[in-house]
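Work through the exercises below with the sequence and the structure side by side. Each task is followed by a solution in steps.

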Amino acid sequence: MLGDRVQSDAKRDLYNDPTFPASDSSLFFNYSTPLAQFRGEISWLRPQEICSVPRLFSDNPQEVQVKQGVLGDCWFLCACAALQKSKYLLSKVIPPGQPSWTDEKYRGCFTCRIWQFGHWMEVTVDDRLPCLGGKLCFSQCQTEDVFWLPLLEKVYAKVHGSYEQLWAGQVADALVDLTGGLAERWALKDPGRKMEKERTGTVLEKTVFRRLMNLKEQCVISCSVLSSRQGTSELGEFHAFIVIDMLNLSKVSGKDIILLRIQNPWGRRCWKGPWREGGQGWSQLDPVVASELLSQIQEGEFWVEEEEFFKEFDEITTGFPITEEGQLQSLYTEKVLSHTQNLFGSWVKGQSAGGCRNNSSFPSNPKFWLKVCEQSEVCIALLQKHRKYSADWAGRVRTLTHVAKDSPSLAEGIQGKNYQAVGLHVWKVEKRRFNLPKTLSTPPVVGTVCHSYDREVHVRCDLSPGYYLVVPSTFLKNAEGHFLLRVFSTGRISLSEIKPPPIDAALCEELPPGEWETVQLQGCWKNGHSAGGSRNFPSFHTNPCFPLSISAGIGESCVKVTLRQHCQDSKCHPIGFHIFQIPNSNWKPHAAFFLQLEPLVSCVPHCYSQEVSQLCRLSAGNYVIVPSTYLPNTEGNFTVIIATKIDRKRIQSQETLGHVLQEVSFTAVMKK
């Protein structure tokens with residue numbers, strides 16, 4: 001319950017929520033939206049003060065139809081329709097058995113659950129609702145005595161910090177918050193140019209859309225207008241609608257006519273196209289058929305022909321169906337994705353925020369093993385946590401006033417969720433030991449089209465059994481953030497994080513900028529066997545030898561070799577090392593070789609130091625590193641650390657940045 005407790009006594013005192021009070025702090029965020037014009041005019045009333053016999057639900061579907069008020073949260077209201085399609089979701093979001101207004105146990109509070117960043121969070125509010133002139137001024141059902149919708153809207157506003165923070169948003173985000181599942185977005189228009197296609201994402205084909213409409217009874221299908229065009233200005237900019245039905249009238253009309261029935265959350269008809277009431281489109285149908293179809297539409301609904309729909313609307317958003325057992329169902333195959341795995345992760349500046357594949361630091365991003373046990377349809381989703389908001393003691397997002405006190409610079413432009421541009425890529429590997437830079441330089445099995453500013457991105461694919469490497473990333477290097485990786489599959493899977501090997505902090509600080517591959521080798525100098533001393537002594541060839549192979553690439557490779565002896569500072573021996581080039585990898589050390597050949601790199605004179613190092617450039621070939629003490633038969637243990645700079649080829653034009661999202665809400669709000 002966001003940390004708050006319901007407090008009421010035996011005298012039937014009604015609950016007043018101290019963490020979301022009936023005041024301007026719950027209504028407004030920074031007065032930047034048209035909602036600010038109602039400042040000082042909104043009152044708070046309980047349902048029994050608004051109507052004589054309030055109800056939570058109605059059995060009549062027409063009475064519970066969502067209707068938008070003066071708040072620009074059409075995106076949230078469209079998602080609420082998902083609860084009307086699933087008994088499981090309705091009871092999950094609104095727990096049954098809560099006292100109604102006529103019950104003896106009624107105390108003036110209401111509880112529901114919202115899915116937030118991997119968890120169902122229980123939230124309680126009092127039932128005082130914002131009103132203008134004694135009537136609800138925000139959302140309501142078609143029949144004003146049904147209150148599940150305005151109460152749920154209040155809960156969602158509390159989670160976000162205020163009602164004003166619900167102004168404009170993504171239908172997909174609200175669908176995820178109310179279902180705990182996934183949502184898919186498609187563009188309805190082909191941008192034409194290849195680069196623009198990459199930036200806008202998947203364009204919905206009509207065949208896919210018609211198949212989606214077969215799921216209309218199981219999930220919400222929402223459409224949005226992102227820019228107003230001639231003839232459709234009444235639709236409004238950045239507004240979301242619900243696609244209720246689709247009818248193929250080719251049999252009754254003899255023509256290829258497909259009509260879509262659209263619901264406008266405003267609760268009024270706004271369509272001015274040929275299939276409006278009294279429009280010319282109906283002349284193509286038998287009058288009896290036309291009359292029947294017109295009689296079906298309710299307040300706020302209208303018919304539109306499919307070609308017009310694709311022309312005038314910009315985007316489709318659909319939530320994945322949820323079965324009555326609470327499992328996700330594929331939008332594409334209708335198979336149940338019964339196996340799920342979740343893991344949390346972070347991008348940390350300087351450690352695991354490697355940026356996109358355009359950056360050489362990409363391999364430093366968090367990495368995950370996905371084991372697929374059988375042929376499966378798999379959805380992998382990357383959900384990021386918004387960056388700039390912080391919660392107060394009650395779990396609410398802090399208001400602008402509180403944030404400004406702590407961080408004035410943060411308060412500027414804080415409106416909006418401020419998500420990173422993120423992407424997700426998957427590679428198949430044959431075994432769990434593999435060359436990471438080489439693997440990541442190859443095309444992935446599947447990946448997001450571009451790095452986009454969505455709160456959540458996901459990929460869908462059919463995967464054969466085996467191991468897969470999953471890498472989530474931000475577009476920019478060193479962009480910090482927290483994320484949740486979710487995997488849904490028809491078959492058995494396991495998900496685990498690949499823990500990076502411990503890296504010597506002192507060594508990392510000394511390495512020049514760039515991406516380095518580090519190897520640590522253990523050795524010892526043993527009296528009479530491998531403690532040959534320096535090159536001044538004929539026993540030098542008995543010292544330990546460590547092979548080093550430099551692969552052919554673009555010119556020379558940058559290598560840093562460090563020799564560290566295991567001793568206390570007061571007991572250190574003089575140490576050093578030499579690097580020799582050898583004919584091949586099968587070469588064996590012998591005295592004659594070292595007497596005839598000069599070392600290519602030397603770290604001498606021998607120093608009384610715990611650690612010595614040398615940075616050098618080596619061409620492709622085979623080498624040996626020979627560490628030594630100055631005097632023969634000096635015993636000790638040591639570590640040789642070899643750091644090789646990775647100069648891998650960048651994959652040209654692999655990663656693109658998506659457009660900033662257009663959030664849907666209607667901005668031309670007028671006072672009632």
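The exercises deal with salt bridges and then with backbone geometry.

The model is predicted: local features need pLDDT of at least 70, side-chain atom pairs count only at pLDDT 80 or more, and totals for chains, interfaces and linings use all residues. Residues are numbered from 1 along each chain as its sequence is written, and side-chain values use heavy atoms, with hydrogens and water left out.

**Exercise 1.** State how many salt bridges the rule gives.

Solution. Step one is the rule: a side-chain nitrogen of Lys or Arg must lie within 4 Å of a carboxyl oxygen of Asp or Glu. Step two is the count, which comes to 24 salt bridges.

**Exercise 2.** Describe the salt bridge between Glu377 and Arg460 and place both residues.

Solution. First, the N to O distance in this pair is 2.9 Å. Next, Glu377 lies in strand β18 (residues 376–384) and Arg460 in strand β21 (residues 456–463), so the salt bridge ties together parts 83 residues apart in sequence. Strands are DSSP runs of E with at least two residues, and helices are runs of H or I with at least four, numbered from the N terminus. Last, Glu377 is buried at 3% relative accessibility, whereas Arg460 is partly exposed at 28%. Here buried means under 20% relative accessible area, exposed over 50%, and partly exposed in between (1.4 Å probe, protein chains only).

**Exercise 3.** Find where the partners Glu299 and Lys67 sit along the chain.

Solution. The closest N and O atoms of Glu299 and Lys67 are 4.0 Å apart. Glu299 is in the loop between α10 (287–296) and β12 (301–305), while Lys67 belongs to strand β2 (residues 66–67), 232 residues apart. Glu299 is partly exposed, at 43%; Lys67 is buried, at 19%.

**Exercise 4.** Which residues are linked with Asp126 in a network of salt bridges?

Solution. Start from Asp126 and Arg128, whose side chains meet at 2.8 Å, N to O. Then add Lys154, which completes the network with these two residues. Asp126 has a relative accessible area of 0% and is buried, and Arg128 is buried at 18%.

**Exercise 5.** Examine the backbone at Pro605, Glu334 and Asn633.

Solution. Most residues other than glycine have a negative phi, and most peptide bonds are trans. The bond from Val604 to Pro605 is cis, with omega near 5°, and Pro605 is in strand β29 (residues 601–608). Glu334 has a positive phi of about 65° and sits in the loop between β14 (328–329) and β15 (336–337). Asn633 has a positive phi of about 60°, in the loop between β31 (621–629) and β32 (636–645). Glu334 is partly exposed at 40%, and Asn633 is partly exposed at 43%.
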